[in-house]
Amino acid sequence: VYDRFHERGFDIVGVSLDSDLGALRDYLDRERIPWRQTCDGRSWQGELVERWRVQGIPAAFLIGIDGRIVSLHANGPSLATMVEQELAKAR
C-alpha cells in the first residue's frame, strides 16, 4: 500500500516499541524500511503506547487528510480501499 499510494500523499509513521535502539536501526537498514520510524526506547512504558491506548502489536491507525482517525484497524485487504477513499477526498 505504501508503494502504491506514497506518491499521492499517503505516508506511514512507524512507532517501534523496541528497547534496543541499535537493533532497531539494524533491522530498519537491513529491511530497507522506507518510511519514518520513531522509538523512545521505553517499550510498553512509552508515552505513545499510553496516549493511543495500544493493547497489542501490530496496531495500525489510519489518519485521514482532515487529521481525524479513519480506522483503528488499518491493515489487511481493506487498507488499500480505505487509503484510496481518503486520497479521493483530497482531489
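Exposed means over 50% relative accessible area, buried under 20%, and partly exposed in between. The exercises below apply this to a predicted model.

**Exercise 1.** Classify both partners of the salt bridge between Lys 89 and Glu 86 as buried, partly exposed or exposed.

*Solution.* The side chains of Lys 89 and Glu 86 meet with N and O 2.7 Å apart. Lys 89 has a relative accessible area of 54%, so this residue is exposed. Glu 86 reaches 9% and therefore counts as buried. The two residues are about one helical turn from each other because they stand 3 residues apart in helix α4.

**Exercise 2.** Determine where the partners of the salt bridge between Glu 84 and Arg 8 lie along the chain.

*Solution.* The closest N and O atoms of Glu 84 and Arg 8 are 3.0 Å apart. Glu 84 belongs to helix α4, whereas Arg 8 sits in the loop between α1 (2-5) and β1; the pair is 76 residues apart and links distant parts of the chain. Glu 84, at 26% relative accessibility, is partly exposed, and Arg 8, at 39%, is likewise partly exposed.

**Exercise 3.** Describe the lining of the largest pocket by residue class and by secondary structure element.

*Solution.* The volume of the largest pocket is about 1200 Å³. Of its 35 lining residues, Ile 12, Val 13, Gly 14, Val 15 and Ala 59 are the closest to the centre. By class, the lining comprises 26 nonpolar, 6 polar and 3 charged residues. By element, β1, α2, α3, β3 and α4 each contribute at least two residues, and α4 gives the largest share, 4 residues.

Methods:
Residues are numbered from 1 along each chain as its sequence is written. This is a predicted model: local features need pLDDT of at least 70, side-chain atom pairs count only at pLDDT 80 or more; totals for chains, interfaces and linings use all residues. Side-chain values use heavy atoms; hydrogens and water are left out. On a 1 Å grid over the protein atoms alone, a cavity is a set of points where a 1.4 Å probe fits but cannot get out, and a pocket is an open set with protein on both sides within 12 Å along at least five of seven lines; lining residues have an atom within 4 Å of a point. Grid points are joined across faces, edges and corners, and a volume is the space filled by probe spheres set on the points. Ala, Val, Leu, Ile, Met, Phe, Trp, Tyr, Cys and Pro count as nonpolar, Asp, Glu, Lys and Arg as charged, and the others, Gly among them, as polar. A salt bridge is a side-chain nitrogen of Lys or Arg within 4 Å of a carboxyl oxygen of Asp or Glu. Buried means under 20% relative accessible area, exposed over 50%, partly exposed in between (1.4 Å probe, protein chains only).
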